[in-house]
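Let's take a walk through this chain, going from its overall build down to single side chains. Here is what you'll be looking at.

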Amino acid sequence: MSIFSFSDTEALGKVSAVDTSTVTIDVEDVEQLKRLQVNRLVVLHSSRPGQHLIGLVQKVVRKKLIPDPEDPEKPNEENLCRIALIGTLIDREGTEKNVFRRTLETVPEIEAHCFSLEGEHLTSFMQVIAQASGEGSSLNIGKYTIDEHATAYLNGNKFFQRHAFVGGSTGAGKSWTTARIIEQVAKLKNANAIIFDLHGEYAPLKSDVINYYKIAGPVDVEAERTLEDNILYLPYWLLSYEAIFSLFVDRSDQNAPNQSMIMAREINSAKRKYLENSGHQEILDNFTIDTPVPFFLDNLLDKLNEINTEMVKGARGPKQGEFFGKLSRMISRLENKVSDRRLAFLFQGGDSSLEFEWLNTLVGAILGATKESNNGGVKIIDFSEVPSDILPLIVSLLARLSFSVQQWTSLEKRHPVALFCDEAHLYIPHRTLADSADEISIQIFERIAKEGRKYGLSLVVISQRPSEVNRTVLSQCSNFVSMRLTNADDQNVIKKLLPDSLWSFSDILPILDTGEALIVGDASLLPSRVRVDEPSKKPNSGTVNFWDEWQSDTVENRLPEAVTNWRRQNIQ
């Protein structure tokens with residue numbers, strides 16, 4: 001039996017025009033027209049028995065007409081409502097009752113009745129949506145704004161299979177929403193997700209099922225903290241050749257082509273020598289310059305200095321070698337990077353990070369699922385002490401590592417991984433805003449966005465500025481959780497990614513409340529305005545109450561302590 005049992009007297013109006021996915025309703029009762037609200041749901045009789053069409057109010061019009069003296073009984077006003085059709089409610093499909101499908105197999109006939117979806121009918125319909133979405137692969141996100149008694153579920157499979165975007169202006173609840181999703185993922189039996197935390201704001205989420213790692217800072221190196229202390233080192237030899245070139249070679253140097261060629265040759269030679277000395281002939285047969293094999297940086301520097309100062313025999317005695325003095329700037333740049341305490345996580349990982357088996361340990365820590373890890377399958381990685389100028393290189397290094405491991409895992413052994421990319425505009429920028437380091441990061445994330453699905457690697461792109469995020473990556477996202485967006489450029493990005501029939505739905509973006517989201521995509525049965533539930537542990541991203549704080553006392557010695565922390569590069 002259908003959940004809808006309307007009588008014709010309850011009709012809002014009748015269909016007067018039909019398009020591919022929109023219909024126009026002629027509303028006869030002015031009082032009914034007054035109660036209508038844009039983006040509310042309506043029900044229409046389908047031309048097929050046992051089905052009802054569900055629509056979304058896009059526009060309400062009340063227009064006065066010029067009286068016709070020859071026909072005094074002709075209406076003096078025109079009351080119209082434009083509806084976007086979004087799906088079909090089927091009374092029975094096989095053994096299932098009341099099944100909602102996001103398809104339109106039919107359109108309503110002219111003169112078909114349209115009914116406003118409210119009261120008990122709305123509650124019944126939202127319960128159908130909640131039950132359908134909540135079966136098996138449910139991700140409980142919050143409550144529907146139009147019916148606070150109906151739980152809003154997302155299809156967890158479709159949310160991660162087809163990538164997702166979570167965005168909103170500062171203070172709109174973006175981190176809150178992300179934390180809510182992370183908590184839902186962490187509850188699963190064998191979850192596997194990595195959160196790129198650029199500011200350390202997700203540290204409070206740490207628990208028995210959520211592990212927390214930090215990229216090593218200067219103080220961590222001095223204290224000799226290791227992976228056992230949840231401190232991550234990412235040694236230089238993990239970088240791709242393109243990343244190494246970007247880090248050590250100044251592209252504006254007239255000798256950059258020579259430096260690039262020499263660097264590639266010598267790194268290749270250093271890796272080959274390492275494999276020969278450690279007896280890994282099976283890797284030697286197929287290895288490339290990007291194969292993740294350790295090599296000794298001191299030996300590389302010695303070799304580069306030797307080439308840079310080489311003297312060769314000439315007709316009249318010794319003369320300068322072909323590359324004499326041409327590597328000086330690169331060598332100085334390399335030495336400066338190595339001695340930079342901020343980059344200790346790259347160059348001061350200790351002897352253990354140069355062992356051949358060390359990569360297995362790192363991969364096990366950051367890519368191990370819940371049952372493969374003693375500390376949980378969800379990993380938060382804190383990049384707060386990574387210098388901003390190389391942040392794209394380091395974040396993309398972990399992304400490339402994840403992609404490569406998934407790519408080289410046999411299909412029957414592959415376990416899916418989700419990458420939560422917080423503040424994505426900083427390392428996956430729009431190409432017009434990118435520099436050389438960004439370009440490397442963009443290439444990696446674009447490849448994941450386009451190919452990651454088939455290797456079980458998903459992206460959740462999180463940003464307060466969608467207009468500054470790479471368009472290719474955004475175009476591959478099929479799910480959007482958009483909080484309040486006040487910037488017109490950001491609103492337009494989201495609007496362009498929505499189906500044409502739902503463009504008007506984006507008009508609510510600037511008026512959403514804090515913690516409220518517009519959810520559209522494959523994971524949601526219908527485009528919805530949802531109030532996101534509060535996470536059990538909140539991230540450190542709360543908005544400061546300036547006016548209240550300015551009326552309270554400050555903590556003693558806070559400024560000298562801040563200066564000391566700045567110099568030590570560590571918050572005590």
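Two strands pair if DSSP finds at least two bridges between them. Helices (H or I, at least four residues) and strands (E, at least two) are DSSP runs, numbered from the N terminus. With that in hand, strand 3 (residues 41-45) and strand 7 run antiparallel and are joined by 3 bridges.

Before going further, a word on the model: it is a predicted one, where local features need pLDDT of at least 70, side-chain atom pairs count only at pLDDT 80 or more, and totals for chains, interfaces and linings use all residues. Residues are numbered from 1 along each chain as its sequence is written, and side-chain values use heavy atoms, with hydrogens and water left out.

**The big picture**

The chain has 18 helices and 21 strands. Its C-alpha trace spans about 115 × 60 × 50 Å along the principal axes. Of its 572 residues, 51% are buried; buried means under 20% relative accessible area, exposed over 50%, and partly exposed in between, using a 1.4 Å probe and protein chains only. Contact here means heavy atoms within 4.5 Å. Among contacts in the chain with a separation of 6 or more, 68% come from residues 24 or more positions apart.

**Strands and sheets**

Back to strand 7 (residues 113-116). His-113 and Phe-115 point one way from this strand, Cys-114 and Ser-116 point the other way, and all are buried. On the strand 3 side, Val-42 stands opposite Ser-116. Strand 1 (residues 13-18) also runs antiparallel to strand 7, with 2 bridges joining them, and Lys-14 has His-113 as its bridge partner.

Elsewhere there is an open sheet of 12 strands with mixed pairing, in the order 9-8-21-20-19-10-18-17-11-16-12-13. Which strands are at its edges? They are strand 9 (147-155) and strand 13 (231-232), each pairing on one side only. Strand 8 (residues 138-144) pairs with strand 21 (residues 528-532) in the antiparallel sense over 3 bridges, and Gly-142 has Val-532 of strand 21 as its bridge partner. Helix 13 packs on this sheet, touching strand 11 (193-197), strand 16 (378-382), strand 17 (417-421) and strand 18. The direction of helix 13 makes about 170° with that of strand 11.

**Helices**

Helix 13 (residues 391-407) also meets helix 12 (residues 358-367): their axes come within 11 Å and cross at roughly 95°. Axes are lines fitted to C-alpha atoms, for helices over the stretch in contact, and angles run from 0 to 180 degrees between N-to-C directions. Angles under 35 degrees count as roughly parallel, over 145 as roughly antiparallel, 65 to 115 as roughly perpendicular and the rest as oblique. So helix 12 and helix 13 are roughly perpendicular to each other. Helix 12 brings Leu-359, Leu-362, Val-363, Ile-366 and Leu-367 to the contact, while helix 13 brings Leu-398, Leu-401, Ser-402 and Val-405. These contact residues divide into 8 nonpolar, 1 polar and no charged. For that split, Ala, Val, Leu, Ile, Met, Phe, Trp, Tyr, Cys and Pro count as nonpolar, Asp, Glu, Lys and Arg as charged, and the others, Gly among them, as polar.

Helix 6 (residues 241-248) is largely enclosed by the rest of the structure, because 7 of its 8 residues are buried. Those are Tyr-241, Ala-243, Ile-244, Phe-245, Ser-246, Leu-247 and Phe-248.

**Salt bridges**

A salt bridge is a side-chain nitrogen of Lys or Arg within 4 Å of a carboxyl oxygen of Asp or Glu. By this rule there are 22 salt bridges. Here are some of them:

| Salt bridge | N to O distance |
|---|---|
| Lys-214 and Asp-220 | 2.4 Å |
| Asp-220 and Arg-225 | 2.6 Å |
| Asp-340 and Arg-342 | 2.9 Å |

How buried or exposed are the partners? Arg-342 is partly exposed, at 36% relative accessible area, whereas Asp-340 is buried at 19%. Lys-214, Asp-220, Arg-225 and Glu-385 are joined into one network by salt bridges that share partners. In that network, Lys-214 and Asp-220 are both buried, with Asp-220 at a relative accessible area of 4%. Arg-225 is partly exposed, at 31% relative accessibility.

**A buried proline in a loop**

Finally, look at Pro-466, found in the loop between strand 18 (457-463) and helix 15 (471-475). Pro-466 counts as buried, at 0% relative accessibility. Setting aside neighbours within four places in sequence, Pro-466 is in contact with Phe-165, Arg-471, Leu-474, Leu-485, Asp-490, Val-493 and Ile-494. From C-alpha to C-alpha, Pro-466 and Glu-423 are 9.9 Å apart in space, and 43 residues apart in sequence.
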